[in-house]
Amino acid sequence: MKSLTLHILAGVSLIAGLISCKKDTSNNTIPAVTKTDSIQVAFDPAAPNTFFSFKNDAVVANSDSATTNWDFGLRNVNFIINSHISGPGNAGVITQTGIYDSYTQAAQSGYAYDTTSTQLAIDAGFTTGWYIYNSTTHAFSPKAGQFFVIRTADNHYVKMEILSVNYVPFAGQVPVTLIYKFHFAYQADGSTTF
């Protein structure tokens, strides 16, 4: 009887050990790459765009403007995205309100595009746009509780929040260069989960 009890206990221990070692396969999504970055752009509305790639976390040369190597371009306060009138890619944008950290699933549809040079996916209107401008200090600040969900030029998903916009002034404190600081989560595996 004592031997049977020991065998039963040994069997239960073995089964418990095997169950606890079982690999968790419930979530095979690769975690999104999360980064904080900054780029400098010209304040001059006639200057060339500064192009950025989420995949490479880098500014892209202007000579690549006709490729899918970039996801968004920025000049002054105007964003362009790489699709339709602005580029050959498949990028789209949803301007999202809410809490950036709580947003975990990109939408499959509902993305806006740059349809004309004045009808851009990200609104930069002086009173309706993504920012608040102080004409006394020339400071730009992103609207609180607003961020962007972006389908990239090559069909990956990103959420991006602008953290601050600072500037390098010249005489009279008028901006010459804007410095955008932002963070983003880029899903490299093509899924919509952040």
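Me: Helices (H or I, at least four residues) and strands (E, at least two residues) are DSSP runs, numbered from the N terminus. How many helices and strands does the protein chain have?

Reply: This is a predicted model, in which local features need pLDDT of at least 70 and side-chain atom pairs count only at pLDDT 80 or more, while totals for chains, interfaces and linings use all residues. Residues are numbered from 1 along each chain as its sequence is written, and side-chain values use heavy atoms, leaving out hydrogens and water. Read from the N terminus on, the elements run α-β-β-β-β-β-β-β-β-β-β-β. Counting them gives one helix and eleven strands.

Me: What share of the residues in the protein chain is buried?

Reply: A residue is called buried under 20% relative accessible area, exposed over 50%, and partly exposed in between, using a 1.4 Å probe and protein chains only. The protein chain has 194 residues, and the buried share of them is 38%.

Me: Which strand gives the most residues to the largest nonpolar core?

Reply: A nonpolar core is a set of buried Ala, Val, Leu, Ile, Met, Phe, Trp, Tyr and Cys residues joined through side-chain atoms within 4.5 Å, and the largest one here has 29 residues, with Phe54, Phe72, Phe79, Trp130, Met160 and Tyr180 having the most contacts inside it. At least two residues each come from β1 (33-42), β4 (72-75), β5 (78-81), β9 (146-151), β10 (157-170) and β11 (174-187). A second, separate core of eleven residues includes Ala32, Ile94, Tyr100 and Phe147. In the largest core, five residues come from the strand that gives the most, β11.

Me: Among contacts between residues at least 6 apart in sequence, what percentage joins residues at least 24 apart?

Reply: A contact means heavy atoms within 4.5 Å, and Tyr180 offers an example, since, leaving aside residues up to four places away in sequence, Tyr180 touches residues including Asp37, Ile39, Leu74, Phe79 and Trp130. For the protein chain, among contacts between residues at least 6 apart, the part joining residues at least 24 apart is 57%.

Me: Which residue has its backbone nitrogen 2.8 Å from a polar atom of the side chain of Asn134?

Reply: Asn134 lies in strand β7 (residues 131-134), and with a relative accessible area of 35% Asn134 is partly exposed. A polar atom of the Asn134 side chain lies 2.8 Å from the backbone nitrogen of Thr136.

Note on methods:
A polar contact is a pair of N or O atoms within 3.5 Å; within protein, one must be able to donate a hydrogen and the other to accept it, and residues adjacent in sequence count only if both atoms are side-chain atoms.
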